[in-house]
Amino acid sequence: MRTLLRPQFLAVIGVLFLSGCSQSLNAPVEYYQFEQTIKPMQRSSTDTIAQLRVTTVSLRGALNNRGIAMKLDNNQVNAANYHLWSEAPDQMLTASAHQTLFTTLDNWMVVKGLPVITDKDQQSYYELEYELHHFNGDNQGNADISGLWRLYYTSFENGRSLKTIHYFSEVNPLTGDDYEGLVESLEQNWQNINQQVATTLSVLIQE
């Protein structure tokens with residue numbers, strides 16, 4: 001069922017999008033995921049100038065829910081019952097961030113998580129943390145990803161230190177009037193955010 005999310009519709013329509021249409025006893029469960037293209041790539045430590053470790057994305061409260069989230073006018077956030085992410089959002093967002101950063105930062109060694117350190121040279125690295133406060137659609141017809149990212153640097157001599165904190169807000173109109181359009185818009189917002197992060201990191205390493 002395709003339900004409109006245009007601003008000119010009453011809030012009741014937004015509620016129907018969230019609950020009424022999805023709560024039908026006969027409604028099938030539909031699963032969604034980011035459709036980020038995977039390109040064959042490889043990289044070695046000898047060809048890179050720095051290592052970046054992307055930690056698992058943190059989502060506030062109920063946003064890390066398999067049900068796709070929508071925000072209502074009364075500051076409520078509702079998770080859909082029959083329109084679900086195919087995996088936990090924190091894992092999906094982390095994998096997407098890693099892929100975008102790996103592709104964009106072609107002279108960095110970008111890895112996920114904090115692997116076991118076996119070599120002294122590996123004890124100097126950057127660490128990227130994301131904290132999302134918004135990861136949802138709204139009844140104004142927008143996709144919203146907002147929050148902050150922190151960059152740490154760890155060295156063998158000085159340990160771990162905070163380098164920078166950036167707040168971001170990527171709010172854009174949906175590409176379509178249904179959940180598929182919401183998912184596509186959220187994915188584009190997330191890629192935009194990570195492209196901006198990559199640009200900032202490229203400048204930082206040259207300073």
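**Note on the predicted model: strand pairings, core and surface**

1. At 11% relative accessibility, Tyr 126 counts as buried, because the cut-off for that class is under 20% relative accessible area. The value belongs to a predicted model, and the points below should be read with that in mind. Tyr 126 is a convenient place to begin, since this residue takes part in two of the ring pairs described next.

2. The structure holds six aromatic pairs. In one of them the ring centres of Trp 108 and Tyr 126 are 5.5 Å apart and the planes stand at 45°, so the pair is classed as tilted. Trp 108 belongs to strand E6 and Tyr 126 to strand E7, so this pair ties together parts of the chain that are 18 residues apart in sequence. Both Trp 108 and Tyr 126 are buried.

3. Tyr 126 also pairs with Tyr 153, again in a tilted arrangement, with 4.7 Å from centre to centre and 50° between the planes. This second pair links distant parts of the chain, as Tyr 126 lies in strand E7 and Tyr 153 in strand E8, 27 residues apart. Tyr 153 has a relative accessible area of 26% and is therefore partly exposed, whereas Tyr 126, at 11%, is buried. Elsewhere, ring pairs link Phe 34, Trp 85 and Phe 135 into a cluster.

4. The structure holds four salt bridges. One of them joins the side chains of Glu 127 and Arg 160, with 3.0 Å from N to O. Glu 127 lies in strand E7 (residues 125-138) and Arg 160 in strand E9 (residues 159-173), so the bridge ties together parts that are 33 residues apart in sequence. The two partners differ in their exposure class: Glu 127 is buried, with a relative accessible area of 5%, while Arg 160, at 44% relative accessibility, counts as partly exposed.

5. Glu 129 takes part in a salt bridge with Arg 150, at 3.4 Å from N to O. That pair links distant parts of the chain, with Glu 129 in strand E7 and Arg 150 in strand E8 (residues 142-155), 21 residues apart. Glu 129 and Arg 150 are both buried. A further salt bridge joins the side chains of Glu 129 and Arg 160, at 3.3 Å from N to O, and here the connection runs from strand E7 to strand E9, across 31 residues. Through shared partners, the salt bridges join Glu 127, Glu 129, Glu 131, Arg 150 and Arg 160 into one network.

6. What does the largest nonpolar core contain, and which residues have the most contacts inside it? The core has 41 residues, and those with the most contacts within it are Leu 52, Leu 101, Tyr 130, Phe 135 and Trp 190. At least two residues of this core come from each of strand E2 (50-54), strand E4 (67-71), strand E5 (77-85), helix H2 (89-104), strand E6 (108-112), E7, E8 and helix H3 (179-206). Helix H3 gives the most to the core, with nine residues.

7. Trp 190, one of the residues with the most contacts inside the core, can be described through its own surroundings. Leaving aside neighbours within four places in sequence, Trp 190 is in contact with Phe 34, Val 57, Leu 93, Ser 96, Ala 97, Tyr 130, Leu 132 and Ile 145. Tyr 130, one of these partners, is likewise among the core residues with the most contacts.

8. As for the overall layout, the protein has three helices and nine strands, and along the sequence these follow the pattern α-β-β-β-β-β-α-β-β-β-β-α. Of its 207 residues, 45% count as buried. Among contacts with a separation of 6 or more, 70% are accounted for by residues 24 or more positions apart.

9. The accessible surface of the protein comes to about 11,200 Å², of which 48% belongs to carbon and sulfur atoms. Leu 162, Ile 165 and Tyr 167 make a nonpolar surface patch of about 340 Å². Tyr 167 has its place in strand E9 and, at 63% relative accessibility, counts as exposed. Strand E9 is also where Arg 160 lies, the residue that takes part in salt bridges with Glu 127 and Glu 129.

Note on methods
Residues are numbered from 1 along each chain as its sequence is written. This is a predicted model: local features need pLDDT of at least 70, side-chain atom pairs count only at pLDDT 80 or more; totals for chains, interfaces and linings use all residues. Side-chain values use heavy atoms; hydrogens and water are left out. Helices (H or I, at least four residues) and strands (E, at least two) are DSSP runs, numbered from the N terminus. Buried means under 20% relative accessible area, exposed over 50%, partly exposed in between (1.4 Å probe, protein chains only). A nonpolar core is a set of buried Ala, Val, Leu, Ile, Met, Phe, Trp, Tyr and Cys residues joined through side-chain atoms within 4.5 Å. Contact means heavy atoms within 4.5 Å. Accessible areas come from the Shrake-Rupley method with a 1.4 Å probe; for residues, only the protein chains shown count as cover. Patches are made of residues with over 30% relative accessible area and no salt bridge: like charges are joined within 9 Å, nonpolar side chains (Val, Leu, Ile, Met, Phe, Trp, Tyr) within 5 Å. Rings of Phe, Tyr and Trp (its six-membered ring) pair if their centres lie within 6.5 Å; planes under 30 degrees apart count as stacked, over 60 as edge-to-face and the rest as tilted.
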